[in-house]
Amino acid sequence: MFQLVYISKAKNRLGEPELLKMMANFRARNTANEITGLLLYDGKGTFIQLLEGEVDAVQALYSCICQDPRHERINKLHEQTVEKRMFAQWQMGFKRLDKCDVIEQEGMSEFLNQEDGFDYLQHHPEFSIQLLHYFRQC
Ligand SMILES: Cc1cc2nc3c(=O)[nH]c(=O)nc-3n(C[C@H](O)[C@H](O)[C@H](O)COP(=O)(O)O)c2cc1C
């Protein structure tokens with residue numbers, strides 16, 4: 001099993017209906033490709049996504065994602081081989097960070113107060129991983 005985490009920046013700010021439509025497409029494709037994971041969106045254009053599955057499937061999807069014109073500044077933060085999936089039940093979980101009521105993760109308000117969350121994550125890559133772990137328990 002293989003896991004990959006990247007961050008990216010949406011080219012246009014995305015509204016709720018558009019995001020939900022995209023998610024429905026991703027989930028259908030991920031079910032077929034046995035990909036699971038979690039996509040976080042900060043409401044201001046920054047994505048954090050963890051993809052997991054067989055190495056070939058994850059790498060193939062990541063190549064498609066890198067060419068997707070809906071976002072830019074795609075930046076791989078982490079990849080590793082793992083024994084088992086972290087998000088086995090999630091064909092692609094989705095959370096909007098700006099719509100969460102209470103988030104107890106340390107550093108969260110600092111992150112959400114940033115003018116540009118993407119720059120913050122580039123300088124604090126470990127925070128992206130902490131967020132993914134945090135939302136796994138929600
Ligand atoms: C932020 C973001 C996350 C994405 N996540 C997935 C995903 O989890 N699964 C997926 O199949 N496509 C995902 N896509 C879409 C792919 O980039 C691509 O459009 C899709 O795999 C279809 O590729 P194709 O038209 O080249 O076959 C994502 C796109 C963006 C912008």
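Which element gives the largest share of the lining of the largest pocket? In this predicted model, the answer is α1, with four residues.

**The pocket**

The volume of the largest pocket is about 330 Å³. Its lining counts 18 residues, and those closest to the centre are Phe26, Leu61, Ile65, Asp68 and Arg70. Four elements each give two or more residues to this lining: β1 (2-10), α1, β3 and α2. Sorted by class, the lining of the largest pocket holds 11 nonpolar, four polar and three charged residues.

**The ligand**

Where does the ligand sit? The ligand occupies the largest pocket. On its own, the ligand has 620 Å² of accessible area, and the protein covers 79% of that. Three elements give two or more residues to the shell around the ligand: α1 (16-33), β3 (46-53) and α2 (55-66).

There are 13 residues around the ligand. Phe26, Arg29, Asn30, Gln49 and Asp68 come nearest. By class, the shell around the ligand has seven nonpolar, three polar and three charged residues.

**Polar contacts**

Which side chains place a polar atom by an oxygen atom of the ligand? Arg29, Asp68 and Arg70 do. The distances are as follows.

| Side chain | Distance to a ligand oxygen atom |
|---|---|
| Arg29 | 3.1 Å |
| Asp68 | 2.6 Å |
| Arg70 | 3.2 Å |

**Residues that recur**

Some names appear in both descriptions. Asp68 is among the residues nearest the ligand and among those closest to the pocket centre. Its side chain has an N or O atom 2.6 Å from a ligand oxygen atom. Phe26 is also in the list of residues nearest the ligand and in the list closest to the pocket centre. Arg70 is one of the residues closest to the pocket centre, with a polar side-chain atom 3.2 Å from a ligand oxygen atom.

Terms used: Residues numbered from 1 in each chain as written. Predicted model: local features only at pLDDT ≥ 70, side-chain atom pairs only at ≥ 80, totals over all residues. Heavy atoms only, no water. Near = heavy atom within 4 Å. Polar contact = N/O pair within 3.5 Å; in protein donor to acceptor, adjacent residues only side chain to side chain. Areas by Shrake-Rupley, 256 points an atom, 1.4 Å probe, with all protein chains shown as cover. 1 Å grid on protein atoms, 1.4 Å probe; cavity = no way out; pocket = protein on both sides within 12 Å on 5 of 7 lines; lining within 4 Å. Sits in = over half its atoms within 2 Å of the grid points. Nonpolar A, V, L, I, M, F, W, Y, C, P; charged D, E, K, R; others polar. Points joined across faces, edges and corners; volume = space filled by probe spheres on them.
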